[in-house]
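This report describes the fold and two surface patches of one protein chain.

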Amino acid sequence: MELTSVFDERLDEITAYLNLLQAIEVETQNGPPRIGATGAHITAQQQKILYSGIFLHLYNLVEATVVRCLEAVTVVALTSHSPAPSELTDEMKKEWVRVMARTHIELSSDNRLVAALRLCDHLVQKLPVAGFEMEKGGGGNWDDDAIQSVAERLGLRLRVSRESYTGIKRKFRDDLGALALIKKRRNQLAHGSLSFAECGEGLTVTELRDLVNRTVAYLQEVIAEFQNYIEAQHYLAAHRQNNVA
């Protein structure tokens with residue numbers, strides 16, 4: 001799975017959106033900007049609404065990046081190599097068993113038995129591990145702490161540069177770092193606890209570019225870490241790494 005193509009496409013959308021906001025902001029220096037030479041004015045309220053949209057774009061980028069990184073391991077890599085359960089790392093075994101036995105879901109006793117029998121049959125028949133969708137939790141939860149946590153569940157300890165880590169943790173607004181703020185604002189907009197105009201209040205394009213740059217720098221390093229993890233086959237037990245046909 002190519003991890004950078006979708007990332008680059010969505011980043012291009014964000015860049016295009018920022019360029020639009022920049023053009024509007026420049027026009028405000030000469031009074032309220034217009035749509036065309038004689039068109040309607042863009043009001044201050046409308047500008048705030050447009051500014052708030054960056055949080056939706058950025059959260060979309062964050063979640064898409066995380067989901068594709070996880071699927072590159074648990075779907076693409078495992079399907080490609082079809083290892084036996086015993087050939088997985090302990091961390092990957094736990095995730096596979098969690099999905100097969102549905103240990104993370106409330107089930108009736110009968111359905112719990114069905115899931116246990118399915119896992120038992122798989123082991124008795126010595127079937128390989130096919131790709132599976134890792135349980136990632138509900139939507140709207142992704143920030144840098146959640147990304148770190150889910151990577152560790154796969155046995156991947158993310159090592160990002162000091163610069164990127166500092167950038168993502170440095171307070172931006174609401175006493176929160178970049179990804180934590182993006183998650184909070186996205187959820188506030190989605191659940192109606194904050195209006196779009198309120199969300200965009202007091203922001204400038206310069207600040208929004210800074211928010212984008214911090215987020216992008218961090219996510220690019222996360223992608224690189226997942227790529228290295230996959231290439232080194234660190235989802236397999238040590239005796240199987242780099243020894244897969």
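The overall shape comes before the surface.

The model is predicted, so local features need pLDDT of at least 70 and side-chain atom pairs count only at pLDDT 80 or more, while totals for chains, interfaces and linings use all residues. Residues are numbered from 1 along each chain as its sequence is written, and side-chain values use heavy atoms, with hydrogens and water left out.

The chain has nine helices and zero strands, where helices (H or I, at least four residues) and strands (E, at least two) are DSSP runs numbered from the N terminus. The C-alpha trace spans about 75 × 40 × 35 Å along its principal axes, and the radius of gyration is 22 Å, whereas a compact globule of 245 residues would have one near 18 Å; this radius is taken over C-alpha atoms, and the globule rule is 2.2 Å times the number of residues to the power 0.38. Of the 245 residues, 41% are buried, buried meaning under 20% relative accessible area, exposed over 50% and partly exposed in between (1.4 Å probe, protein chains only).

On the surface, Glu2, Asp8, Glu9, Asp12 and Glu13 gather in a patch of negative charge, and Ile49, Leu56 and Phe196 make a nonpolar patch of about 230 Å². Patches are made of residues with over 30% relative accessible area and no salt bridge (a side-chain nitrogen of Lys or Arg within 4 Å of a carboxyl oxygen of Asp or Glu), like charges being joined within 9 Å and nonpolar side chains within 5 Å. One residue of each patch is listed below.

| Residue | Helix | Relative accessible area |
|---|---|---|
| Aspartate 12 | α1 (residues 4-27) | 52%, exposed |
| Leucine 56 | α2 (residues 44-81) | 35%, partly exposed |

Methods:
Areas by Shrake-Rupley, 256 points an atom, 1.4 Å probe, with all protein chains shown as cover. Lys, Arg positive; Asp, Glu negative; His and termini not counted. Charge placed at Lys NZ, Arg CZ, Asp CG, Glu CD.
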